[in-house]
Amino acid sequence: MVEPVAQLNEPLSLQTPEILDKKISQLVLSPKTDLKISKQDVRSTLKASTLDGIFSTIFESATGGVLLSNFLLQLGASSVEIGIFSAIPMVVNLLQPLGAYLADRTTSRYWYNQGIFGVSRLLWLVFAVAIVWGSQHADPHQLLQWTLVTVLAASGLGAFGSSNWFSWMAAVVPHRLRGRYFGFRNSATSLISLLGVPSMGWSVSTWGADPLLGYGIVLLVGVLAGMISLGCQYFMVDVNPQLYKKDAENDRLSDKKEKQITDFVPLALKDSNFLMFILYFSVWTFAVNLSAPFFNIYLLKNLSLDVSLVTIYSSLSSGANLLLLMFWGKLADRWGNRPLLIAVGLVVAVTPLLWLGTGNYPFAVWVWLPLLHLLGGTTLGAIGLCTNNIQMEIASIKQPSTYFAIAAAVSGVAGALGTTAGGFVAELPGMSLGALFALSAAVRLFGLLPLILVREPRSFSLRAIVPTFGRFKFNRG
């Protein structure tokens, strides 16, 4: 649930005749279908959402990423096991369509969110208490089992709420402000990662003879921050899915409501533009996750770097994110998300090749690896921002959360297959993590091809924006 507060000024005019395809624009939430929310309520909602993102980032940093990977390595987990752990949050995305259906049947996005994510984060609290009280006596294999159960249960619950939160944001964030808002919000969360993750890593590595206990304490702090983030949502404007659907359909509810629900999936499957996006999203997610979970493993295990140094690398990625997300957001608002996904995606695709030849020697440790993390933070931040925004652009006005859920479910399976396959490939005789990185780069380049055929309303072509890139001013718009 981590994603932007900017001034509520007039949006940029981005429309061009060749972009406003009539058939596609009928499937997109137009400004006329926005909820009637006062500017003051919008401002307070965006501020509360930003605070929600800040505290949620602390929670997610403690329950995943390099800290969880280090914890698993301390318990003796193999590359295959770590790949499986990384796959779990993506596999459970298969539950998102069901979660979207349930969320769309409720009368409050807020209360649905509180129930789902409240229970999910309390499960991590139970696990944190178990680590603190039993770290000195628990068997490592038993702790691995507890971790598996917690990740599986908490991720499964979270899958029921993700599309609800996505739909909530699509309803309350002004249509033309999304790029700048989410750019600002993600910048704020990146600042927290920049400061918080190294602090957490330092706490774990300097805890003494019991780093497991150190992780348990850090996890307790993370869960507390996660509960505070849910409290921030109290100050956000609630959305009733039933009324929002009515407003989106020009204040007329269909007399065949049940038929609308049962006919929705065929509608999505008949949307060729959406299917092309799904193809891109699934192949790209598979390719990225083929190597993504193993970069930290490579640093911690293959290069034997201390976890505190690895978390500093992660903070550099967050710092790069922080500096450029507002820039990417303004570019997305001005030119569209699709051209940025293609251009930046090419850089992300070849990045794993730049890891080849790194090692535990001074130049790599203090120069090359930091530069790689700066590059990764810069580019992956743009990919994440534009991927979320383009989904909002091409989603149907009828139950948009179901579109989001289908995309998340398909890409989740693809990502899970990627991490699992990466773990098995890394363990094959004669294979190495370097070979896995090269394979990931090749599949990433292939995954960009379907994106060329995706149509996004209000988006320029790459041919149109390249000549104007040098004239773009960061402070404009």
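The exercises below, each with a worked solution, walk through selected features of a predicted model.

Residues are numbered from 1 along each chain as its sequence is written. Because the model is predicted, local features need pLDDT of at least 70 and side-chain atom pairs count only at pLDDT 80 or more, whereas totals for chains, interfaces and linings use all residues, and side-chain values use heavy atoms, with hydrogens and water left out.

**Exercise 1. Aromatic pairs**

Determine how many aromatic pairs the structure holds, and describe the one formed by F71 and F127.

Solution. Begin with the rule: rings of Phe, Tyr and Trp (its six-membered ring) pair if their centres lie within 6.5 Å, and planes under 30 degrees apart count as stacked, over 60 as edge-to-face and the rest as tilted. Under this rule the structure holds 18 aromatic pairs. The pair of F71 and F127 has 6.3 Å centre to centre and 85 degrees between the planes, and is edge-to-face. Next, place the two residues, keeping in mind that helices (H or I, at least four residues) and strands (E, at least two) are DSSP runs, numbered from the N terminus. F71 lies in helix α3 (residues 65-74) and F127 in helix α6 (residues 109-134), so the pair ties together parts that are 56 residues apart in sequence. Finally, consider accessibility, where buried means under 20% relative accessible area, exposed over 50%, and partly exposed in between (1.4 Å probe, protein chains only). F71 is buried at 2% relative accessibility, and F127 is buried with a relative accessible area of 3%.

**Exercise 2. A second pair and its cluster**

Describe the aromatic pair of Y110 and Y234, and state which of the two residues is buried and which is exposed.

Solution. The rings of Y110 and Y234 are 6.5 Å apart centre to centre, with 65 degrees between the planes, and the pair is edge-to-face. Y110 lies in helix α6 and Y234 in the loop between α9 (211-232) and α10 (241-248), so this pair ties together parts that are 124 residues apart in sequence. Y110 is buried, with a relative accessible area of 11%, whereas Y234 is exposed, with a relative accessible area of 59%. As a last step, look at the wider set of rings: ring pairs link Y110, W111, W168, Y234 and F235 into a cluster.

**Exercise 3. Two packed helices**

Work out how helix α4 and helix α18 pack, and which classes of residue make up their contact.

Solution. Axes are lines fitted to C-alpha atoms, for helices over the stretch in contact, and angles run from 0 to 180 degrees between N-to-C directions. Helix α4 (residues 79-91) packs with helix α18 (residues 400-427) at an angle of about 180 degrees, their axes being 7 Å apart. This makes α4 roughly antiparallel to α18, given that angles under 35 degrees count as roughly parallel, over 145 as roughly antiparallel, 65 to 115 as roughly perpendicular and the rest as oblique. Contact means heavy atoms within 4.5 Å, and the residues of α4 that meet α18 include S79, G83 and M90, while those on the α18 side include G412, A416 and F424. By class, the contact has seven nonpolar, eight polar and one charged residues, where Ala, Val, Leu, Ile, Met, Phe, Trp, Tyr, Cys and Pro count as nonpolar, Asp, Glu, Lys and Arg as charged, and the others, Gly among them, as polar.

**Exercise 4. L75 and its surroundings**

Locate L75, decide whether L75 is buried or exposed, and list the residues in contact with L75.

Solution. L75 is found in the loop between α3 and α4, and at 7% relative accessibility L75 counts as buried. Leaving aside neighbours within four places in sequence, L75 is in contact with P140, L143, L144, T147 and L212. The C-alpha atoms of L75 and L144 are separated by 6.8 Å, although these residues are 69 residues apart along the chain. For D139, which is 64 residues from L75 along the chain, the C-alpha separation from L75 is 9.0 Å. D139 has its place in the loop between α6 and α7 (140-172) and is partly exposed, with a relative accessible area of 42%.

**Exercise 5. A loop residue with positive phi**

State where S304 lies and what its phi is.

Solution. S304 is found in the loop between α14 (294-302) and α15 (307-335). S304 has a positive phi of about 55 degrees although S304 is not a glycine, and with a relative accessible area of 56% S304 is exposed.
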